Amino acid sequence: MNANRKGLVTFSTIDPDAALRAAVAKTRTEMIAEVTASKLKGRGGAGFPTGVKWNLAAAAKGDAKYVICNADEGEPGTFKDRVILSEVPDLVFAGMTIGGIAIGSAKGIVYLRGEYAYLRAQLEEALARRRAAGLLGPQILSKSVGFDIEIRMGSGAYVCGEETALIESLEGQRGEPRNRPPFPVDTGLGGQPTIVNNVETFACVAAIFAKGAAWFASIGTEKSTGPKLFSVSGDCANPGVYEFPMGITVAELLREVGGEDAKAVQIGGASGRCVPASEFARTISYEDISTGGSVMVFGPQRDMLAVAKNFMEFFVEESCGQCTPCREGNAKLLEGIEMLEEGRCSARYLDELLTLGEVMQNASKCGLGQSSPNAFLSIVSHFQDELMGRTHGPAR
Amino acid sequence: MLVTEQQRLKDDIGRWVQRYGAQRSALIPVLQEIQAKYSQVSEYAMQEAADHLGIHPVEVYSVVTFYAFLAEAYQGKFVIRLCRTISCDMAGKTRVARQLENDLGITFGQTTKDGKFTLEWANCIGMCDQGPALLVNDHVFTSVTSEKVHDILELCRKSFGPLAVHDNRHEEARQ
């Protein structure tokens, strides 16, 4: 999958089997304590502390518990999970197994997006290998704990990357997000306690057990520990997947990928933010610019309104239509972008659109609607000059 | 639909329900099987799946219409999904799209009259570093140029070529 990788900590030197052996030698409480000590936060983008999530699920009462790996990597500009799953699937499966043992679950599910169907056969082969090696099944490493993993396919819905929509989808429903609380840690799949973690998070878990929580916590910053994978695309010399410690500045990252002349970078995908050149000294971390790893580079010649329009078309299509702010708001913002494109948007109306964006951030039910205006709002705030009073229709 | 075809669909759905379990959570895997084999989830198939799982057919309809990879209308043997998200857009997806339309004689959202090809847009398919990218059924093509479009279509037209079958190795392994 010709990924362009540099400084790989997670991938190159981790033995997934050693991680699992180290994990089963501990008690469940010790396992969760290890994850908590690493200060690992969710790699999907939301950044919820993994140890806290696992602790809640371990303490919750239920007839069965589930471990779900969110491989519905749909955020525009993100492809790191595809690379992890194609190159080091065992790291992910080991991480899931550790999670299962830690919270007392016997069943794991990988929710793989339909667009990655071509990965399925090799993942099933990897699972079969692990069963044969006693790393999955009724008795893991000959201990009295059992855990197995099943792969379920998505069917082309971005919103299913939201954890409760993903669970709805697994239950055979439309992928419409639920109200939270209750959270999946106590009321998840089939109403049972469930942890939903990103592919990269499970890979990090395996790394933590192979090399120790202290090692993991020594990488990155105080509040954002560990390495992070970045999916870099757009106007740069070497697009691909990169691994850097958390806390890298945007400028450093651009230097590594050969995109120094960028006029802006979209961090976090369509639901992320547009960072202009004046802010390239900011860091990518949970305390500054938080991201699931999508980095899209825009060169000096790019029309930022076209970028905003592309993202907004995406959200109009992918909104599940359940709540009004998201369903109607995205369509209204797209209409506003088209007015800007045609050069017939007044400054007052633009202000109205910005207010609408804020309403959507506050009033939408799930992360999709809460974050869909981000790109538009940040592009307007940094490139307003470029957007107003157009005279030639769409710029190309 | 011919009675024999109905019977075949019915038998298939019965078999898939047995494999995935007669419960609501089996609905999407069953619908995915129907889509893969019959290139659509027809009204008849929805009714049949609903009966097997003990739910109202409207429930099935609501699920089929929600997911982009499930279609009520017949789709071609080869569903081509071109990524339209910004990275592929900047890499030149517009010209690839134009050439696909030219070579197939249809626009996006349509199926060719011979029932072979359906052309659709896809949102980000995770090949942003190698755009423009497209999927033909389950297979991915990267760094597609308008020139390469012809080769891809020819690969499909060879009816017993590598793209003609659904990748079902994992199913064979399970049986």
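How much area is buried between chain A and chain B, and what share of it do carbon and sulfur atoms give? In this predicted model, the area buried between the two chains comes to about 3,400 Å², and carbon and sulfur atoms give 55% of that. On the side of chain A, three residues stand out, since A:Y118, A:S155 and A:R174 supply 18% of the area that chain A buries against chain B, which is more than any other three residues. I start from area for a simple reason, namely that the size of an interface is often given as the accessible area lost when the parts come together.

Let me turn to who takes part. Chain A brings 53 residues to the contact, and chain B brings 36 residues. As for the polar side of things, there are 20 residue pairs in polar contact between chain A and chain B, counting pairs with both residues at pLDDT 80 or more. Two or more residues of the side of chain A that touches chain B come from each of helix 6 (120-132), strand 3 (148-153), helix 7 (163-170), strand 5 (227-234), strand 11 (294-298) and helix 11 (304-318) of chain A. Of these, helix 11 gives the most, with seven residues. If you sort the residues on this side of chain A by character, you find 22 nonpolar, 16 polar and 15 charged.

The rule finds one salt bridge across this interface, and in it the side chains of A:E317 and B:R84 meet at 2.5 Å, N to O.

Now to the interior. In soluble globular proteins, nonpolar side chains tend to be buried together. The largest nonpolar core here has 72 residues, and those with the most contacts inside it are A:F376, B:L31 and B:I34. Helix 11 of chain A, which we have just met at the interface, also gives the largest share of this core, eight residues. Looking at A:F376 itself, and leaving out residues up to four places away in sequence, we see that A:F376 touches A:A308, A:M312, A:L333, A:I337, A:L340, A:L350, A:L353 and A:L354. Apart from this core lies another, of 69 residues, and among them are A:I98, A:A117, A:F216 and B:C128.

I will close with one residue in strand 5 of chain A, A:P227. Is A:P227 buried or exposed? A:P227 counts as buried because its relative accessible area is 3%, and the cut-off for buried is under 20%. A:P227 lies eleven residues from A:F216 in sequence, and the two are 8.0 Å apart in space, C-alpha to C-alpha.

How values were computed:
Residues numbered from 1 in each chain as written. Chains lettered and ligands numbered in written order. Predicted model: local features only at pLDDT ≥ 70, side-chain atom pairs only at ≥ 80, totals over all residues. Heavy atoms only, no water. Contact = heavy atoms within 4.5 Å. Buried area = accessible area lost by both parts, 1.4 Å probe. Salt bridge = Lys/Arg side-chain N within 4 Å of Asp/Glu carboxyl O. Polar contact = N/O pair within 3.5 Å; in protein donor to acceptor, adjacent residues only side chain to side chain. Helix = DSSP H or I, 4+ residues; strand = E, 2+ residues; numbered from the N terminus. Nonpolar A, V, L, I, M, F, W, Y, C, P; charged D, E, K, R; others polar. Core = buried A, V, L, I, M, F, W, Y, C linked by side-chain atoms within 4.5 Å. Buried < 20%, exposed > 50% of the residue type's maximum accessible area, 1.4 Å probe, protein only.
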